[in-house]
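Here's a quick walk through one model, starting at its ligand and moving on to how some of the helices pack. Have a look at the structure first.

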Amino acid sequence: MVDIAVIPGDGIGKEIIPQVCDLVTSIDPSVNFTFYNISSERYINKGITIKDSEIDELKSYNSIFFGAIGDFRVKPGIMEQGVILRLRKELDLYMNIRPAISFSRITGNNIHMTILRENKEDFYSDISGSLNEHKLFRQKGNFYNYNIDINSESDDTIYYTMGFLSRKNLKRFFNMAYKIADTETVTITDKANAVDMYSLWREIAIEESEPAGKKINFEYADSLAYNMINNPLKYRYIIAPNLYGDILSDMSSAMVGGLGYAPSGNIGDYSSMFEPVHGSAPDIAGKNIANPVASILSCIMMLKHLNQTETAGIMEKSVENVIRNGTIPIESGGNAGTHEFINKVKNYCTMTKNNI
Ligand code: ATP
């Protein structure tokens with residue numbers, strides 16, 4: 001039996017995720033979903049982001065199915081850092097897989113790329129602070145190079161967040177990335193021309209590529225963004241540091257029809273968590289207009305990761321058929337609401353299952 005913890009979260013996450021769980025159990029009733037109320041609503045009422053005991057419990061499941069977190073009533077960063085970034089850190093989920101694969105009926109193209117994003121380090125570090133007096137703490141360079149006056153007579157203030165990369169983490173990250181990539185050549189991005197620490201990123205990318213038998217192409221993140229738009233079919237796997245991976249994957253989702261089509265998986269050696277790339281989208285929440293495809297595809301990724309290949313295969317085929325046969329989400333100009341789309345997929349799943 002497969003045991004999955006579910007965190008629907010806020011906004012459209014709360015709306016879509018339970019329906020996707022229903023869809024799964026309609027195909028395979030033995031999949032067990034346990035729901036957790038970890039949400040902005042709870043934070044507003046009780047001041048709790050996530051409890052230590054919940055983190056411990058979440059570690060015991062085969063995987064976590066996550067919706068979205070974020071609410072305009074809560075200061076930006078509190079829920080993101082308190083829940084999602086904390087889970088990635090505490091569960092040691094160092095790989096973030098973000099496929100952008102088009103349905104040709106939606107986009108008229110055949111883009112098929114996957115961004116493999118480092119998920120724990122880089123500029124998503126919580127080593128941060130502020131300075132308003134003359135305290136230099138950097139070993140190399142200093143704030144004066146940036147024309148920032150931090151002497152004690154000045155009223156200038158500095159906020160800083162330290163980006164960092166570590167050899168140990170990068171080794172296992174590249175190792176996993178090269179295993180996931182089923183092509184001989186992969187693209188690796190960074191800004192090694194402007195940010196010193198990416199020299200370690202490159203060193204380990206090269207070091208690990210040899211035993212994995214991979215050919216690698218480095219492309220700076222800015223030029224990659226330009227080339228991805230101009231020549232998207234050139235790319236299959238893009239390996240990216242945390243921050244650039246986040247930005248490029250929102251961009252790649254736009255190239256395949258929008259955030260409503262972008263799934264993701266967070267993987268570690270012991271735990272995993274799957275979630276749509278989009279956030280809680282409060283502007284459309286509760287209106288039955290959100291596109292559920294990203295959540296369905298995230299669920300399919302999760303089931304494949306848990307070796308539930310038959311159920312995953314049925315769902316995958318059904319989503320493809322539903323779209324090919326003209327059930328188009330509102331996000332893409334069609335008239336299928338959240339519920340109607342999921343229901344259509346459910347009907348196809350039942351038909352497919354009965355035909356196996
Ligand atoms: P967060 O900070 O949590 O990422 P956000 O509001 O900045 O939240 P998203 O929630 O990802 O960003 O959404 C950005 C916009 O994209 C939304 O306002 C919404 O209009 C659109 N959007 C996102 N997801 C979907 C979806 N599944 N279906 C339709 N539109 C969506």
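How far is an oxygen atom of the ligand from a polar backbone atom of serine 280? In this predicted model, the separation is 3.4 Å. Serine 280 isn't alone in offering a polar atom, so to speak: the table puts its contact next to those of glycine 279 and aspartate 283.

| Residue | Protein atom | Distance to a ligand oxygen atom |
|---|---|---|
| Glycine 279 | backbone N or O | 2.6 Å |
| Serine 280 | polar backbone atom | 3.4 Å |
| Aspartate 283 | polar side-chain atom | 2.8 Å |

On its own, the ligand has 600 Å² of accessible area, and the protein covers 63% of that. Around the ligand sit 13 residues, and the ones that come nearest are His278, Gly279, Ala281, Asp283 and Asn291. By class, the shell splits into 6 nonpolar, 5 polar and 2 charged residues.

Now for the helices. Take H1 (residues 11–27) and H12 (residues 338–355): their axes come within 10 Å and cross at roughly 10°. Angles under 35 degrees count as roughly parallel, and H1 and H12 are therefore roughly parallel to each other. On the H1 side, the contact is made by Glu15, Ile16, Gln19, Val20, Asp22, Leu23, Ser26 and Ile27. H12 brings Thr338, His339, Ile342, Val345, Lys346, Cys349 and Lys353. It's a mixed bag, with 7 nonpolar, 4 polar and 4 charged residues in the contact of H1 with H12.

What about H8 and H9? At what angle do these two helices pack? Helix H8 (residues 221–230) and helix H9 (residues 242–255) pack at about 10°, and their axes are 11 Å apart. That angle makes H8 roughly parallel to H9. From H8, Ala221, Leu224, Ala225, Met228 and Ile229 meet Tyr244, Leu248, Met251, Ser252 and Met255 of H9. Here the count is 9 nonpolar and 1 polar, with no charged residues.

Tyr244 of H9 turns up again if you look at valine 195, which has contacts with Phe123 and Tyr244 once neighbours within four places in sequence are set aside. Where does valine 195 sit? It's in the loop between strand S8 (185–190) and helix H7 (198–212). Phenylalanine 174 is 21 residues from valine 195 in sequence, and the two are 19 Å apart in space, C-alpha to C-alpha.

Note on methods
Residues are numbered from 1 along each chain as its sequence is written. This is a predicted model: local features need pLDDT of at least 70, side-chain atom pairs count only at pLDDT 80 or more; totals for chains, interfaces and linings use all residues. Side-chain values use heavy atoms; hydrogens and water are left out. A residue is near a molecule or strand if one of its heavy atoms lies within 4 Å of it. A polar contact is a pair of N or O atoms within 3.5 Å; within protein, one must be able to donate a hydrogen and the other to accept it, and residues adjacent in sequence count only if both atoms are side-chain atoms. Accessible areas come from the Shrake-Rupley method with a 1.4 Å probe; for residues, only the protein chains shown count as cover. Ala, Val, Leu, Ile, Met, Phe, Trp, Tyr, Cys and Pro count as nonpolar, Asp, Glu, Lys and Arg as charged, and the others, Gly among them, as polar. Axes are lines fitted to C-alpha atoms, for helices over the stretch in contact, and angles run from 0 to 180 degrees between N-to-C directions. Helices (H or I, at least four residues) and strands (E, at least two) are DSSP runs, numbered from the N terminus. Angles under 35 degrees count as roughly parallel, over 145 as roughly antiparallel, 65 to 115 as roughly perpendicular and the rest as oblique. Contact means heavy atoms within 4.5 Å.
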